[in-house]
Structures are given as C-alpha cells and as structure tokens.
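Okay everyone, thanks for coming. Let me put the structure up, and then we'll walk through it together.

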Protein chains: 2
Amino acid sequence: MRIAVLGTGSVGQAIPARSAVLGHQVTIGTRDVAATRAGEYAAWAAQHPEVGLATLAEAASAAELVVNATNGNGSLPALTAAGAPNLAGKVLLDIANPLDFGAGFPPTLSVHNTDSLAERIQREFPQTRVVKSLNTLTAELMAHPRQLADGEHSVFVSGDDAEAKRIVTGLLVSFGHNDVIDLGDLSSARGTEMLLPLWLRLFGRLDTANFNFKVVR
Amino acid sequence: MRIAVLGTGSVGQAIPARSAVLGHQVTIGTRDVAATRAGEYAAWAAQHPEVGLATLAEAASAAELVVNATNGNGSLPALTAAGAPNLAGKVLLDIANPLDFGAGFPPTLSVHNTDSLAERIQREFPQTRVVKSLNTLTAELMAHPRQLADGEHSVFVSGDDAEAKRIVTGLLVSFGHNDVIDLGDLSSARGTEMLLPLWLRLFGRLDTANFNFKVVR
C-alpha cells in the first residue's frame with residue numbers, strides 16, 4: 001500500500017519504519033522538506049533510507065492511505081496544507097490527540113465531550129474516510145504492540161466508513177495488534193480522545209509510557 | 001468499620017451487601033425511608049436483613065466511611081441533605097459519575113476536562129476526605145472483581161488525603177481488587193470520570209457490562 005504519514009515526531013517515525021518493514025511504500029509528509037532534512041529528522045532518515053520525504057501535499061497526493069501523525073492542535077492546518085483534493089476518497093488514519101498545553105502539564109483537551117478532533121477533521125474533509133485509532137498508546141507500542149505482554153492489550157477503531165475501518169484494522173493486525181475493538185461511528189472517538197487525561201496521569205505515576213489498556217471481558 | 005452507603009441503586013446494593021459479608025456494619029442512606037421501603041428496594045432488603053436503612057443524615061452521622069453511590073447529577077443535593085457536619089472529617093468514597101442523559105444515550109458529561117464531580121464535592125465539603133474510586137466499572141465487579149478473569153484488571157484511586165486513600169484501598173483489596181492504582185491528587189478523577197464515554201461505547205459494542213480495563217505494563 002502507498003502510505004503517507006503526515007508529521008515527523010515519534011509517531012511520524014514509528015509508523016513509517018514499521019510500515020516500510022512490512023512492505024508498504026511510505027512517504028513522510030512535512031511542511032518544509034529542507035528544514036526537516038536539516039533538523040533532528042536527519043539522523044533517523046539516514047537509518048531509514050526506504051522512507052521517502054516530501055511536502056504534505058505531495059505525500060498525500062501519492063498515497064492510498066494517509067496517517068495524521070501531527071500534533072492535535074496543528075492537525076487541521078496540516079491537513080489543509082495537504083489539500084482536500086489530495087485527501088478525497090482516501091482513508092485517513094487519525095492518531096492525533098487535541099492536547100492543549102497552554103496551562104502547562106498535564107494538558108487539557110481543546111475539544112471534548114460533545115465533539116472530537118476526529119469529527120472536526122471529518123467535517124472539514126467530508127470526502128475523506130476518517131478512522132480514529134492508535135491514539136491511546138505510546139508511539140513505540142502502536143507499531144510494535146508485541147513488545148508489551150506479547151500484545152495482550154487492546155486498541156480501538158472509530159469511523160463512519162466500514163471499509164475504511166477494515167483497511168485500518170488490517171494494518172493494525174499486521175503491526176501485531178490482536179485485540180482491535182470497533183467502537184462504532186466516528187463520534188466514539190470522543191471516548192478514546194477523552195482517555196488521554198487518564199493516560200497522562202498513568203504515565204506520570206508509572207514513570208513509563210510503556211503501558212496500555214486491555215479491555216478484559 | 002461503620003459504613004454508610006448513600007443511594008439505593010445497583011451500586012447502593014452491591015457495595016453494602018459485600019461490605020456486610022466482610023464484617024462491616026452497613027447502613028444505606030436514602031432521602032425517604034418509607035418510600036424506599038415501599039419500593040423496589042424491599043425485595044433486596046428482605047434478603048439482606050443485616051444492612052440497615054436510614055435517612056441520608058442518620059446514615060452519614062453514624063458512619064466512619066461514607067460511600068457516595070447516588071446518581072452523579074443528584075450527588076451534591078444528596079450530600080447536602082446528609083449534612084456537612086455529618087460528613088466532616090470522614091472518608092467519602094465517591095463512586096458517582098456526572099452523566100447527563102438530557103440528550104439521550106449515550107450521555108455526555110456534565111463536568112469534564114478542567115473539573116470533575118469529585119472536585120466539586122471536595123470544594124463543597126472541604127472538611128471531608130474525598131476519594132474517587134470504583135467509578136470505572138460495573139457495580140457487580142466493584143464488589144466482586146474476582147468474578148472476571150480472577151481479578152486480573154485494574155481500579156483507580158484519586159484523592160488529596162493519603163490516609164483516606166489508604167483506607168479506601170484497603171476496602172477495595174478486601175473486596176478482591178488486586179491492582180489498585182493511585183493516580184495522585186483528586187484532580188486525577190477527571191481522568192477516570194472522562195473514561196465513562198469509552199466505557200459506555202464498549203458497553204454498547206460488547207453487549208455486556210461485565211468487563212473492565214486492565215493497565216498492562
């Protein structure tokens with residue numbers, strides 16, 4: 001599959017590296033290619049020559065599946081820069097969380113309760129098939145779930161398009177996720193985005209990001 | 001321990017029954033004793049003669065530990081009826097969730113993100129030692145956690161008073177909880193209250209309330 005990953009942070013490195021190993025053709029999209037090449041990304045890129053780098057629009061244009069791995073507060077501008085026509089008809093795996101660090105740590109949510117970032121993106125890009133997933137665990141475990149408890153933990157998908165959820169679920173299973181729970185329509189992303197305040201507290205108390213939730217039933 | 005449980009719903013039955021079996025002296029507090037005796041509660045009460053029934057104020061007055069098992073939207077009025085002097089100095093285990101069913105199912109949260117029901121209660125009753133816990137799982141599993149996966153799942157405590165959290169944790173462990181995670185101060189209750197939207201979606205998708213979250217690490 002041709003995959004574009006928008007964003008160059010920890011998620012924007014873990015997902016491309018893992019996807020490339022699995023045989024996908026992966027391009028990272030960034031706002032300023034030259035600046036990204038000159039920054040911290042350079043060392044990672046040198047170790048991952050198989051992953052391309054392009055502008056947000058170029059990466060999205062060439063892809064079948066687009067991953068939103070940008071910061072939640074920068075997601076709408078980044079997707080706008082990627083271009084609605086380049087995203088039309090495509091599956092958008094939205095991993096971003098609407099964290100607001102304006103008042104320090106722990107952050108609050110900039111959208112919550114009766115709306116979600118995923119729904120905002122869907123409203124802004126109605127031709128795109130948005131699926132929320134992977135936003136409830138740390139980047140390394142998104143891509144390598146078997147590194148923790150042999151993968152005995154859960155991940156969620158939310159979306160209005162059943163086929164798009166099927167495609168994302170297939171990708172997650174190929175990463176090693178063995179408990180992918182379909183929560184229903186995209187408004188269920190409110191639930192996983194609102195899990196972040198608990199995740200952040202646990203991160204502080206456990207002193208590690210290497211944990212995840214398992215839905216025991 | 002002398003325990004008062006305010007509320008006569010599923011939580012207000014599961015916690016008293018379990019606590020009485022463990023040797024505690026338990027009284028259920030209700031707004032109108034005569035009406036409660038004449039209602040659905042009667043059948044349950046007949047099977048649990050060891051559990052007392054009294055007004056909210058009488059129950060709270062006699063107790064060392066008070067459990068808030070009322071509906072979230074009715075918690076502040078119920079605690080006001082119980083009486084601040086009757087709650088002063090005592091541990092209040094707050095299990096309620098601020099669910100607003102005004103727009104149907106699934107409910108939204110009436111307080112969230114930058115505040116929580118637990119914090120509201122604490123502000124209203126500053127002499128009381130509020131501990132938020134057990135609000136993230138179904139009533140039956142609160143009291144009998146070993147009924148699911150031999151208790152291999154997690155529960156959280158939040159509170160500003162370390163001794164009060166120790167007392168609540170002891171009660172939970174006696175119920176059979178073997179992974180009680182201290183999230184920190186009472187503002188961490190925002191995280192567990194905001195877990196409810198995900199819980200409610202899972203309840204709908206799994207078609208059972210007999211599940212819980214395990215923090216795998």
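Let's start with a pair of side chains: which residue forms a salt bridge with A:Asp94? That would be A:Lys132, and the closest N and O atoms are 2.8 Å apart. By salt bridge I mean a side-chain nitrogen of Lys or Arg within 4 Å of a carboxyl oxygen of Asp or Glu.

Quick housekeeping before I go on. This is a predicted model, where local features need pLDDT of at least 70 and side-chain atom pairs count only at pLDDT 80 or more, while totals for chains, interfaces and linings use all residues. Residues are numbered from 1 along each chain as its sequence is written, chains are lettered from A and ligands numbered from 1 in the order in which they are written, and side-chain values use heavy atoms, with hydrogens and water left out.

Back to our pair. A:Asp94 sits in strand β5 (residues 91-94) of chain A and A:Lys132 in strand β8 (residues 129-133) of chain A, so this contact ties together parts that are 38 residues apart in sequence. When I say helix or strand, those are DSSP runs numbered from the N terminus: H or I with at least four residues for helices, E with at least two for strands. Buried or exposed? A:Asp94 is buried, at a relative accessible area of 0%, and A:Lys132 counts as buried at 0% too. The cut-offs there: buried is under 20% relative accessible area, exposed is over 50%, and partly exposed is in between, using a 1.4 Å probe and protein chains only. And the pair has company, as A:Asp94, A:Lys132 and A:Glu193 are linked in a network of salt bridges.

How many salt bridges are there in the whole structure? The search finds 26 over all chains. Another one joins A:Asp179 and A:Arg217, with the closest N and O atoms 2.8 Å apart. It links distant parts of the chain: A:Asp179 is in the loop between α9 (162-175) and β10 (180-184) of chain A, and A:Arg217 is in the segment after β11 (212-216) of chain A, 38 residues away. Here A:Asp179 counts as buried at 15%, whereas A:Arg217 is partly exposed at 46%. Over in chain B, B:Asp115 and B:Arg120 meet in a salt bridge at 3.6 Å, N to O. B:Asp115 is buried at 15%, and B:Arg120 is partly exposed at 35%.

Now the sheet. In chain A there's an open sheet of eight strands with mixed pairing, in the order β3-β2-β1-β4-β5-β8-β9-β10. Two strands pair if DSSP finds at least two bridges between them. The edge strands are β3 (52-55) and β10 of chain A, each pairing on one side only, and the twist averages 25° from one strand to the next. Strand β4 (residues 65-68) of chain A pairs with β5(A) in the parallel sense over four bridges. And here's our friend again: the bridge partner of A:Asn68 in β5(A) is A:Asp94.

Helices lie across those strands. Helix α1 (residues 11-21) of chain A crosses β1 (2-6), β2 (25-30) and β4 of chain A, at about 160° to β2(A). Helix α7 (residues 117-124) of chain A lies across β4, β5 and β8 of chain A, at about 170° to β8(A). Those angles run from 0 to 180 degrees between N-to-C directions, with axes as lines fitted to C-alpha atoms, for helices over the stretch in contact. Contact means heavy atoms within 4.5 Å.

How covered is α1 in chain B? Nine of its eleven residues are buried, among them B:Val11, B:Gly12 and B:Ala14. The buried residues of α1(B) pack against several elements of chain B, including β1 (2-6), α3 (41-47) and α9 (162-175). Just after α1(B), B:Gly23 takes a positive phi of about 100°.

Last thing: the two copies. Chain A can be laid on chain B by a turn of 180° and a shift of 0.0 Å along the axis, with an RMSD of 0.0 Å; superposition is by least squares on the C-alpha atoms of residues with pLDDT of at least 70 in both. That is the relation of a two-fold axis. In chain A, the C-alpha nearest the axis belongs to A:Lys214, 2.5 Å from it. And 100% of the interface residues of chain A are also interface residues in chain B, so the copies meet through the same surface.
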